[in-house]
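Trainee: I have not looked at this structure before, and I would like to learn how to read its features one at a time. Could we go through it together?

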Amino acid sequence: MSRTPLIAGNWKMYKTVEEAEQLVAALLPRLSTADGVDVGICPPFTALSAMVDSTRGSRVAVYAQNMHQSESGAFTGEVSAPMLTELDVAGVVLGHSERRQMFGETDKALALKVPAALRAGLEVILCVGETEEERENGDTERKLRHQVQEGLARIELERLGEVVIAYEPIWAIGTGQMATAEQAQEAIAFVRALVADRSREQAQRTRILYGGSVKPDNAAELLALPDVDGALVGGASLDAESFAAIVAAAGH
């Protein structure tokens, strides 16, 4: 089954609205010839509305970086799926390692967030990945199995393939380290096998991204791997030229 690559740029806590406008103005012309690839940007909440307006009619979709599982409630500092869909946001990143490590996000919460986002019509990018210690201890597969199974536990079989999964080895995020092509393919093939445990057909639909120090000079090698369907890009997505080069690599 042919899967359209997805390149998503996670801006994290960077870019004011003014800076975001400057970045997207520089980015859009560079993407005009990129065919056969889906593109997303994940700005901070304050810039979501502006980015939806600025990218309207373009090939770029806008994703939020997090959301709460409830539609409303006394959850100070959180936003809900209806608040995102009201802005015409296309999707949401859930379970990023920084959310898990710094803010205590749990697999139990993600088991509720993922179906809530899908019900609202949002595309989900579910992040999974192991720490350096877990890899050294041979616990990579155990960690991935738990995260994938918990995150998808409440998803109906026929909708499994709608969830994009981003494999991010935590030891490679923002460190300049990168998983080797062999490590990336092995882990992502394992993630696909976990989805196939529920449905082989849906596993073939599932787009699985690699994330972790993806840059223009290593993107082509990673994106050529048989089970890699794109990338969740961090620092390189904050520069229009670098991000466009990664998108171009996926298009090829």
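Trainee: To start with a single residue, in which helix is N218 found?

Mentor: Please keep in mind throughout that this is a predicted model. N218 is found in helix α10, which covers residues 216–223.

Trainee: Is N218 buried or exposed, and how does one decide?

Mentor: The idea is to compare the relative accessible area with a cut-off, and buried means under 20%. N218 has a relative accessibility of 10%, so it counts as buried. Once its neighbours within four places in sequence are left aside, N218 is in contact with M178 and S213.

Trainee: Where is S213 found, and what is the sign of its phi?

Mentor: S213 is found in the loop between β7 (208–211) and α10. As for the sign, the general expectation is that most residues other than glycine have a negative phi. S213 is not a glycine, and yet its phi is positive, at about 60 degrees. With a relative accessibility of 12%, S213 counts as buried.

Trainee: Which other residue has a positive phi although it is not a glycine?

Mentor: D88 has a positive phi of about 70 degrees, although it is not a glycine. D88 is found in the loop between α3 and β4 (91–94), and at 48% relative accessibility it counts as partly exposed. A glycine can serve as a further case, for G57, just after α2, takes a positive phi of about 85 degrees.

Trainee: Since you mention α2, which of its residues are buried, and what covers them?

Mentor: In helix α2 (residues 48–55), the buried residues are L48, A50, M51, V52 and T55. Among the elements that cover them are the helices α1 (17–30) and α3 (81–86), together with the strands β2 (38–42) and β3 (60–64).

Trainee: How many residues does the largest nonpolar core have, and which of them have the most contacts inside it?

Mentor: The largest nonpolar core has 72 residues, and those with the most contacts inside it are I7, I41, M51, M67, L152 and Y210. Helix α8 (residues 181–196) gives the largest share of this core, with eight residues. Apart from this core lies another one, of eleven residues, which include C42, I125, C127 and V164.

Trainee: If we take L152 as an example, what is it in contact with?

Mentor: Leaving aside the neighbours within four places in sequence, L152 is in contact with L126, L160, V163, I165, V195 and R198.

Trainee: How does one look for empty space, and how many cavities of 30 Å³ or more are there?

Mentor: Rolling a probe the size of a water molecule over the atoms shows where empty space is left. Here the count comes to one cavity of 30 Å³ or more, and about 40 Å³ of space lies in the largest cavity. G95, S97, R100, C127, V128, G129, Q147, E168 and I170 line the largest cavity, and the elements that give two or more residues to this lining are α4 and β5 (123–128). By class, the lining divides into three nonpolar, four polar and two charged residues.

Trainee: What is the volume of the largest pocket, and how many residues line it?

Mentor: The largest pocket has a volume of about 380 Å³ and is lined by 14 residues, of which K12, M13, Q65, R99 and F103 lie nearest its centre. Helix α4 (residues 97–103) gives the most to this lining, with four residues. The lining of the largest pocket has seven nonpolar, four polar and three charged residues.

Trainee: Where is the place of E130, and is that residue buried or exposed?

Mentor: E130 has its place in the loop between β5 and α6 (132–136), and with a relative accessible area of 0% it is buried. When its neighbours within four places in sequence are left aside, the residues in contact with E130 are R135, T140, K143, Y167, E168, P169, I170 and W171.

Trainee: Finally, how many helices and strands does the chain have, and is it as compact as a globular protein of its length?

Mentor: The secondary structure of the protein chain comes to eleven helices and eight strands. The radius of gyration is 17 Å, close to the 18 Å that the globule rule gives for 252 residues, so the protein chain is as compact as a globular protein of that length. Of these 252 residues, 53% count as buried.

Definitions and conventions
Residues are numbered from 1 along each chain as its sequence is written. This is a predicted model: local features need pLDDT of at least 70, side-chain atom pairs count only at pLDDT 80 or more; totals for chains, interfaces and linings use all residues. Side-chain values use heavy atoms; hydrogens and water are left out. A nonpolar core is a set of buried Ala, Val, Leu, Ile, Met, Phe, Trp, Tyr and Cys residues joined through side-chain atoms within 4.5 Å. Buried means under 20% relative accessible area, exposed over 50%, partly exposed in between (1.4 Å probe, protein chains only). Contact means heavy atoms within 4.5 Å. On a 1 Å grid over the protein atoms alone, a cavity is a set of points where a 1.4 Å probe fits but cannot get out, and a pocket is an open set with protein on both sides within 12 Å along at least five of seven lines; lining residues have an atom within 4 Å of a point. Grid points are joined across faces, edges and corners, and a volume is the space filled by probe spheres set on the points. Ala, Val, Leu, Ile, Met, Phe, Trp, Tyr, Cys and Pro count as nonpolar, Asp, Glu, Lys and Arg as charged, and the others, Gly among them, as polar. The radius of gyration is taken over C-alpha atoms; the globule rule is 2.2 Å times the number of residues to the power 0.38.
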